[in-house]
Each structure stands twice: as C-alpha cells, then as structure tokens.
Amino acid sequence: MHEDFEIKIENLSKIEGHANLDIKVRKGKVEYVKLKISENKRFYTQAIRGKKFESVPQLVSRICGTCSIAHLTCCTEAVEKALEINPSEQTLLLRKLMMYGMMIRDHAMHLYLFCLPDVFGKDSVLDFDEKQHELIHHAFEVKKAGNDLSKLIGGRAIHPPYAQIGQFLHLPDKNETKQVIEELKKVRSHIFELVRIFYDCPFTFRKRTRFVALTTEDFSFLEGVIKTSQKITIPEENYWEHLHRVIIPYSQATGFEFEGKDFMVGALARMNLNKEKLHKETKKDLAKYIRIFPSENIFHNNLAQAIEIMHCIDHSIEILETTEFKQEPKIEVKIKKGKGVGVIEAPRGTLYYAISLDKDGKILYGNLVIPTAQNQIKMENDIKTLVSRNLNKSKKFIQNEIEKLIRAYDPCMMCATHFLKVNWI
Amino acid sequence: MKLKVGLFSFTSDEGCSMIFLELMNSYFFKWKDLIDFKYFKLLKSKNELKDLDVAFVEGAISTFKEEKKLREIRKNSKILVAIGSCAVNGSPSNQRNFFSQDTKNEIKMILDNFGHKDKVSALSEIIKVDFSVPGCPMDENVFLDVLNKCLKEFKVI
C-alpha cells in the first residue's frame, strides 16, 4: 500500500531513558531502521579508573536508577573475584534477597506502569478508570513490597548502602523481617491476575531468536553458567570471548552480537533456558502458564517477568522464614594485583563486569556489557521485520506496534550509554 | 484547580524519577486529585510543555540540546525545582569535567559527535532555580515539603 514513507518517533515514552527512532521505507522496502539511543554518556568506564576498589561498586550503582542493585552486585562480584574474596553463604543469601527485591519492584514498574496501558489501549496509567483502579492498587502494593524487601536487606532500594564487598554492614531486623514476609504473602495473590493478563494478551511478534542467559541452580540470578538456545554452555569468565562489539554511529550506545549474530537477553531468555529451576511453589501454582515456554513470541517477555515476580516472592519468603541471620567476623581483604569477572542476571538480562586492579587496589580498567546494549541490534532487526510485515497498514498503526514491541523488550537507555570504548577509526 | 506539573529528566541515572515512582506507592490516589501531570514521559506519551505551575527537573546539563530544552522549560514554568544531586550540583554526572587531559582527548570524538558541551553543568549555572532537593537519589522528605509548599502557593490545598 505504502511505497515510500518515513516514521520518526522522538522521545519514546514509558521506557527508562531517552531514545528516538528513524525508519525509512522506499519502494515498499524498509531501507533502514535506526534506534538512536540519545541518552547522554556519563563515562563511567573512564571515571572508575584510578579509584580504590572499595568505592567503585557504590559509584557504578549510579549508572542506573532502576537497577542500581544489579550494577552494585555485579561489580562487587568482579572485585571479589579479582581479590579472591569468598563471601559467606549468609552474604550470598542476603544478596539474593536484595536482588529479588529489585526484580519485584523493577518488573512491577515495567508491567503495571509501562505495559498495562498498551493492553488496555490507554495512553497512561494516569488515565485508568474505575474498572482498572484495583490494578493500580496492586501495582503500588507489589512495587512497595519489592522496595521494602530491598530496604530491609540493603538499607535503601536505590543505591543501597549496607551492601559492601565481601559482606553486609547490617543484618535484617527481626520485626521488620516479619512485616516484609507478611507483605510478600499479601501481594502474592495479586500476581495471579498479572500473569493471567499477560498470558491472555493477544500481542504477538514471533521470529527465530537466539536466547542467552546466565542459568542458576535456584533461579537466583547470581551464580551459574551462561547457556544459549543453541545449547552452548559458557563459564562466566569466558562470556566476553563470545561477544562482538558493534559500533552504531547514530547511537550513543554500543551494540553487541553473540558469535556474529543478533540475540536476546532478559526474562524471556531466562524462562526459555532455565524454567525448571523456578521455585517449587511458583511451578506448582503457575504450571499452566510456565508450560508455554520456550517461546519465541517477544511479548512473552512480559509474561516471563510476571512469573519471575512470583518466583522472587516465593524464594524470598522461604529464605526469610528459614534463615537465622548471625553477626559474622569482618572479612579480611588482602590487596593485590588481579583481574575479576562478575556476571549476573539484571532485570533486563545478562550483565557483565570485568575489573582489573593494580597492586594498590586501584582500578586499572573496567569493562561492562549491559543487557540493553546486547538487545539493541536485535531490537532494530525486529522493528525492521515488523514494519515489513505491516506495510499495508496505516503509519499510526505501525508506530503503535513498534512502541509496544520496544516496550516488551524493556530497554534501559541509562544503562546502555554509561560507557564508551573508542576504537572506531 | 489542580497543580500543573511537569517532570523532566536530563543527564542522570533517573534515580530521582524512580524515587518519585516509589512515592507514588503511597500518594498516587491523593496526587491524582491534586496534580495534573502535563509532562511525564516515563508514564505517558502525550506530553505538553506549556503553562506549567511547577517543573521538577532531574539530571545535569551535558549537551547544547539539553540546554535549549532547559531554557524552554524555564520559560514555561512558574516554579522550577532541581531534584537530586546531578541537577543541584552536577555530580556524579559531571565526572568528565574532572578527567585528565589524556582522558578528555579519549572521549573528545564522542563529545563532538553528539553535541556535548565542554563542561557538564548544574541547572543553576544556566537558569534560575527556585527550589533544590539534594541527595543521590533525592531526599524524599525534602521533595514532599517542596511539593506541599507549591500546592499551597497555587492554592490547590
């Protein structure tokens, strides 16, 4: 129908950070799709150089307001590996809980506040009417429960001060722990409806996709091996060898390919590659919904996130109810030259930190790979496919479909642009 | 009459926006009756920058484009509030201001390519700021105080 047209979207809304999109169609063919991440660089890779190792996790926490706990935790893991520090079982449990709190809050924000308006055909959660008011209550109660869990463990939900290299400065208070358990139990019932909404949602975009995720034994996002839908298994420290950095001249973020091809990280990848490891209560109560994975429908990323909220609630309740947290001796740190790699699953996918320290414990260099940067090339390619499949539809329709698809990826532009490596001669 | 509010985000990690969304956990329904969110890109796509009572601005100013937008916000807002450390004093988004000459040379190409200014600035270096909410992320209680002050000043409460 439309031989020649252009679409420009300035300032995509209901995502984290700033991005624009340019599309050009000529003679019924998509000539280009440019996803321009316009978030301004803050040069964290440069800023951490020369800084003492103990200050760096709190600094990189400032890369991202919404998933600061992921940056903090991943960087901490890289520094610990460089200095051969082995955190105690208890520290790892606390880390899991803090990550769960972030996942609950972050996924809830994305699903309730950014995606539900698409499902109900509204511009914003601010426009929801009486019928949807109950869901708004759910949204804020779930978000708050996640927030309170992170606060209980880390002291604050954004840039948490208690989380340090090797240990936590503070143990969760017993009374507050009880309250958080009650809160988690209360909001658990809300998640059934959320899961049902995204299961029933008719939005579909299917395409052959290569999925990559760090798979963990208890689905806790922290320690494990990287797996792909091509059945490759990679130890954390070797992940970088499989990635190929792609300079995208119109974007302030770098893109990545996995072994030369586009790929996807995030909740959908985790669910496709590791769903057997979800918490037993989650598997029991959501069996019908979990069964549809593996799925290549990108919109199932939303369903996967909803299921992950349930897992985070269930595993957190179990840990909090069965663990007696005790004061532990202070960790002894021997400063030495070394390199360390940390890989974790952030809400939006696999997060990689490599840190190199000099003999005084100062950062020689840091290398970070962010989930949105890994998804960027595939997002562009998918938009191209989406436009090609809908050339006979109106521009308004196409634009709306594109925005929905981008939102399903849950991109974060702040994370994507934190750094720069100049090698584009 | 509701308070006409805009929320704007410049170079930052949007952590203050996150604090705002977290405050909504407790205040959403109260604010819905008191505040008309005219500009709030994080929650809606139809945004209008015109005749705002209060603009809450997060982030530091690092590009010419951002500077132009900030001036436009100032022109269209009766009160402008800087929220969070980046907006109030530039930090930590201004860390490139303190780089060595070598590191500055390393990032020069990106700066030129995407219209970055030589220096990252706090809001008050460019326009008049009426109130500041410090902290990284911003202090929730100070923010609520400022918001209440504005609601009273415009006779919404």
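**View 1. Salt bridges across the interface of chain A and chain B.** In this predicted model, the rule finds 3 salt bridges across the interface of chain A and chain B. One of them joins the side chains of B:Glu22 and A:Lys143, with a distance of 3.2 Å from N to O. The contact in which these pairs sit draws 51 residues from chain A and 43 residues from chain B, and the two chains bury about 4,200 Å² between them, with 62% of that area on carbon and sulfur atoms.

**View 2. The open parallel sheet of chain B.** Five strands of chain B make up an open sheet in the order β2-β1-β3-β5-β7, and their pairing is parallel. The edges of this sheet are held by β2 and β7 (131-133) of chain B, each of which pairs on one side only. Neighbouring strands are turned by 25° against each other on average, when direction is ignored. Towards one edge, strand β5 (residues 77-83) of chain B pairs with β7(B) in the parallel sense over 3 bridges, and B:Val81 has B:Phe131 as its bridge partner in β7(B).

**View 3. Strand β1 of chain B and its two partners.** Strand β1 (residues 3-9) of chain B is mostly covered, with 6 of its 7 residues buried. Its parallel pairing with strand β2 (residues 35-40) of chain B extends over 5 bridges, and within β2(B) it is B:Ile35 that stands opposite B:Leu3. Between these two strands the chain passes through helix α1 (residues 15-34) of chain B, and the resulting β-α-β crossover from β1(B) to β2(B) is right-handed. Strand β1(B) also pairs with strand β3 (residues 52-58) of chain B, again in the parallel sense and over 5 bridges, where B:Val5 has B:Val54 as its bridge partner in β3(B).

**View 4. Helices packed on the sheet of chain B.** Helix α1(B) lies across β1, β2, β3 and β5 of chain B, and runs at about 145° to β2(B). Helix α5 (residues 140-153) of chain B packs on the sheet as well, touching β1, β2, β3, β5 and β7 of chain B, with a direction that makes about 150° with that of β7(B).

**View 5. The antiparallel sheet of chain A.** In chain A, 3 strands form an open sheet in the order β6-β7-β8, with antiparallel pairing. Because β6 (212-216) and β8 (233-235) of chain A stand at the edges with a single partner strand each, one side of each is left without a neighbour in the sheet. Neighbouring strands here are turned by 35° against each other on average, direction ignored. Strand β7 (residues 224-228) of chain A pairs with β8(A) in the antiparallel sense over 3 bridges, and A:Val225 stands opposite A:Pro235 in β8(A).

**View 6. Helix α7 of chain A and its surroundings.** Helix α7 (residues 267-274) of chain A packs on the sheet described in the preceding view, where it touches β6 and β7 of chain A and its direction makes about 55° with that of β6(A). This helix is mostly covered, as 8 of its 8 residues are buried; among them are A:Leu268, A:Met271 and A:Leu273, together with A:Arg270, A:Asn272 and A:Asn274. Beyond β6 and β7, the buried residues of α7(A) pack against α4 (89-119), α10 (300-322), β11 (338-346) and β12 (349-357) of chain A.

Definitions and conventions
Residues are numbered from 1 along each chain as its sequence is written. Chains are lettered from A and ligands numbered from 1 in the order in which they are written. This is a predicted model: local features need pLDDT of at least 70, side-chain atom pairs count only at pLDDT 80 or more; totals for chains, interfaces and linings use all residues. Side-chain values use heavy atoms; hydrogens and water are left out. Buried means under 20% relative accessible area, exposed over 50%, partly exposed in between (1.4 Å probe, protein chains only). Helices (H or I, at least four residues) and strands (E, at least two) are DSSP runs, numbered from the N terminus. Two strands pair if DSSP finds at least two bridges between them. A crossover is right-handed if, with the strands pointing away from the viewer, the path from the first strand over the helix to the second runs clockwise. Axes are lines fitted to C-alpha atoms, for helices over the stretch in contact, and angles run from 0 to 180 degrees between N-to-C directions. Contact means heavy atoms within 4.5 Å. Buried area is the accessible area (1.4 Å probe) that two parts lose on being put together, summed over both. A salt bridge is a side-chain nitrogen of Lys or Arg within 4 Å of a carboxyl oxygen of Asp or Glu.
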